[in-house]
Amino acid sequence: MTGNIRPSHPRRPESPVRQENLRTLNLELIFRHIVAAGRPISRTELATVTGLPRPTITRIAEDLLAGQLLVETGLTHSGRAGRPRVGLTLSDKGPARLGLDIRADALAVCVVDLTGTVRHLAFAPSAYTGADASDVLTRLAHMARTAIEAAAAQGLTVVATTGGGHRVCASTAGRLMDRQGPPRSGLRVTSR
């Protein structure tokens, strides 16, 4: 990812819009329209739907292309006369998310690219109830490393991780237990 693309931070209502904030807001606007389009969309179409000048669209698109968030897809036809335009769409290379899941009967990991395609999926079925929590986390870490390596082999870089556990909790003795009842959030994993 390039140094020009930064995550957005919520702006306080009383703070002024500065040039850097405006660029970030425009980048998010363009990216949201590309995601929502669900098909390749041209720079000209983006300029029309966002109201931004074409040179602004072009500069931001170049940053998103350099950051491997977008790819050019070839020519798109608008149905009107004139030459076809180059379409932009989400990249299936570049950033990806790693999902980790601990369940009472299995561990699971998956890697999902920006297009929402699952690129790696692995399960380790077993009875983890009563198992040592550090052993389970070591196994999950090994599965995560394998998933990250598989993602890298496909041209992906894991940039975010999501974790979850369903009906699992750790006891004070460091053992995993099958917790009855609805799922809860706030699982905290600490090392000893």
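## Overall layout

Two residues count as being in contact when they have heavy atoms within 4.5 Å of each other. By that yardstick, of the contacts in this chain with a separation of 6 or more, 52% join residues 24 or more positions apart. Bear in mind that this is a predicted model.

The chain carries four helices and nine strands. Reading from the N terminus, the order is α-β-α-α-β-β-β-β-β-α-β-β-β. Of the 192 residues, 32% are buried.

## Helix 1 against helix 2

Let's start with helix 1, residues 19-37, which packs on helix 2 at an angle of about 110 degrees, the two axes being 11 Å apart. Angles of 65 to 115 degrees count as roughly perpendicular, and helix 1 and helix 2 are therefore roughly perpendicular to each other. Their crossing is right-handed.

On the helix 1 side, the contact uses L29, I30, H33 and I34, while helix 2 brings L46, V49 and T50. Sorted by type, the residues of this contact are five nonpolar and two polar, with no charged ones.

## Helix 2 against helix 3

Helix 2 (residues 43-50) also packs against helix 3 (residues 54-66), here at an angle of about 120 degrees and with axes 9 Å apart. An angle of that kind falls outside the 65 to 115 range for roughly perpendicular and is not over 145, the cut-off for roughly antiparallel. Helix 2 and helix 3 are therefore oblique to each other. The crossing of this pair is right-handed.

Who touches whom? From helix 2 come R43, T44, L46, A47 and T50, and they meet R54, I57, T58, A61, E62 and L65 of helix 3. This contact has five nonpolar residues, three polar and three charged.

## Two nonpolar cores

The largest nonpolar core holds 16 residues, and L107, V111 and V136 have the most contacts inside it. Strand 4 (94-103), strand 5 (106-113) and helix 4 (133-153) are the elements that each give two or more residues to this core. Helix 4 supplies the largest share, with six residues.

There is another core apart from that one, made of 15 residues, including I30, A47, I57 and L90. Some of these names have come up already: I30 is part of the contact between helix 1 and helix 2, and A47 and I57 are part of the contact between helix 2 and helix 3.

## Around V111 and H120

Back to V111. Leaving out neighbours within four places in sequence, V111 is in contact with A96, R97, L98, T117, V118, R119, H120, A147, A151 and L156.

One of those partners, H120, sits in strand 6 (residues 118-125). Is H120 buried or exposed? Buried means under 20% relative accessible area, and H120 comes in at 17%, so H120 is buried. Again setting aside residues up to four places away in sequence, H120 touches V109, C110, V111, A147 and A150. The C-alpha atoms of H120 and V109 are 7.8 Å apart, with the two residues eleven apart along the chain.

## An unusual phi at Q68

One backbone detail is worth a look. Most residues other than glycine have a negative phi. Q68, which is not a glycine, has a positive phi, near 60 degrees.

Where is Q68? It lies in the loop between helix 3 and strand 2 (70-76). Partly exposed covers the range between under 20% and over 50% relative accessible area; Q68 has 40%, so Q68 is partly exposed.

Key
Residues are numbered from 1 along each chain as its sequence is written. This is a predicted model: local features need pLDDT of at least 70, side-chain atom pairs count only at pLDDT 80 or more; totals for chains, interfaces and linings use all residues. Side-chain values use heavy atoms; hydrogens and water are left out. Axes are lines fitted to C-alpha atoms, for helices over the stretch in contact, and angles run from 0 to 180 degrees between N-to-C directions. Angles under 35 degrees count as roughly parallel, over 145 as roughly antiparallel, 65 to 115 as roughly perpendicular and the rest as oblique. A crossing is left-handed if the near helix is turned anticlockwise from the far one by less than a right angle, and right-handed if clockwise. Ala, Val, Leu, Ile, Met, Phe, Trp, Tyr, Cys and Pro count as nonpolar, Asp, Glu, Lys and Arg as charged, and the others, Gly among them, as polar. A nonpolar core is a set of buried Ala, Val, Leu, Ile, Met, Phe, Trp, Tyr and Cys residues joined through side-chain atoms within 4.5 Å. Buried means under 20% relative accessible area, exposed over 50%, partly exposed in between (1.4 Å probe, protein chains only).
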